[in-house]
Amino acid sequence: MAIIQGMCKNCGSLIVFDERDSQCECVFCHCVFPSEQAVEIFNNPEGVTFPNEKYEQVEGAAKHNATRVFSTESLEKQIAREELRKANSEERPNNEFEVQAKDVKAPMKLTIGLIVGAVVIAAAIFFGTYPMYKSRISLRADIEADISRVFAGVTTVDTTTEVSGDYYDGFSVFGQTCQYINAVTDEELTEEDARIIFDNYCALRAEKIAGGVDDSYDGVVLNMYCAGGHYHVTGANGSVNIVFTDDAGSTEG
């Protein structure tokens with residue numbers, strides 16, 4: 001009986017089978033298919049896609065694979081050859097001209113230069129971003145100090161210093177230039193009310209920004225949550241856009 005090697009068309013595993021058997025079976029995924037196809041894939045596996053589909057092993061079905069049997073004598077010879085190979089490898093002297101990974105070391109000056117460069121870059125990033133961070137914190141504090149002016153005469157919003165997480169209970173101001181504001185009220189608001197609140201906030205923000213702004217509306221976004229839904233108000237190029245979304249999810253612009 002001659003034993004033939006092939007490759008599984010499903011998982012790509014090596015298959016060993018009798019050359020007289022027209023079918024072969026993978027012992028790993030149990031895929032059964034023509035032996036000729038397994039040999040073709042084994043000889044030319046490039047470009048072959050292995051789908052790795054699941055096949056159930058059929059109990060009592062004919063087996064279409066074989067297992068090579070090694071004698072005790074051949075196994076002992078193989079072990080002896082492996083031990084001899086290891087011994088020869090250990091006795092072989094190192095080539096004094098052979099460069100190994102442990103011999104390759106970066107010069108001290110280069111190492112120090114890399115460390116200094118990394119420190120300089122980190123310092124540049126810190127000193128470049130810290131002033132912007134400090135400016136944003138200062139601007140937000142100035143706006144929050146007078147935030148009651150935004151809602152005065154329109155609606156009631158909690159403007160105390162009580163916080164939940166990072167924001168006040170009734171409102172929050174954020175963004176690099178404090179261009180975003182969210183506020184909450186239990187009262188009903190009209191579109192005109194939302195417009196007045198937006199105008200008031202844009203005016204307050206423009207007043208607090210050092211040097212002023214060319215367009216007080218540009219980039220400002222207000223989300224005003226009220227009874228029944230919320231108003232999303234944006235401004236750009238001197239114009240204001242107001243969209244109301246009720247609690248049911250319908251939108252009016």
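A pocket is an open set of grid points with protein on both sides within 12 Å along at least five of seven lines. In this predicted model, the largest such pocket holds about 170 Å³ of space. Its lining is made up of 11 residues. Closest to the pocket centre are Ser135, Arg136, Leu139, Ile209 and Ala210. Helix α3, which spans residues 108–145, gives the largest share of the lining, with six residues. By class, four of the lining residues are nonpolar, four are polar and three are charged.

Helix α3 also holds Ile143. The relative accessible area of Ile143 is 0%. Buried means under 20%, so Ile143 counts as buried. Setting aside neighbours within four places in sequence, Ile143 is in contact with six residues named here: Val173, Cys178, Tyr201, Leu204, Arg205 and Lys208. One of these partners, Arg205, lies 62 residues from Ile143 along the chain. The C-alpha atoms of Ile143 and Arg205 are nevertheless separated by 6.5 Å.

The strands at the start of the numbering form a hairpin. Strand β1 covers residues 3–7 and runs antiparallel to β2. Five bridges join the two strands. Within this pairing, Gly6 stands opposite Ile15 of β2. Six residues lie between the strands of the hairpin. In the hairpin, Gly12 takes a positive phi near 85°. Strand β2 itself covers residues 14–18. Four of its five residues are buried, so strand β2 is largely enclosed by the rest of the structure.

The chain as a whole can be described in a few totals. Its secondary structure comes to five helices and 12 strands. The chain has 253 residues, and 26% of them count as buried. Contacts were also sorted by separation in sequence. Among those between residues at least 6 apart, 48% join residues at least 24 apart. The chain exposes about 17,200 Å². Carbon and sulfur atoms supply 53% of this exposed area.

Technical notes: Residues numbered from 1 in each chain as written. Predicted model: local features only at pLDDT ≥ 70, side-chain atom pairs only at ≥ 80, totals over all residues. Heavy atoms only, no water. 1 Å grid on protein atoms, 1.4 Å probe; cavity = no way out; pocket = protein on both sides within 12 Å on 5 of 7 lines; lining within 4 Å. Points joined across faces, edges and corners; volume = space filled by probe spheres on them. Nonpolar A, V, L, I, M, F, W, Y, C, P; charged D, E, K, R; others polar. Buried < 20%, exposed > 50% of the residue type's maximum accessible area, 1.4 Å probe, protein only. Pairing = 2+ DSSP bridges. Contact = heavy atoms within 4.5 Å. Areas by Shrake-Rupley, 256 points an atom, 1.4 Å probe, with all protein chains shown as cover.
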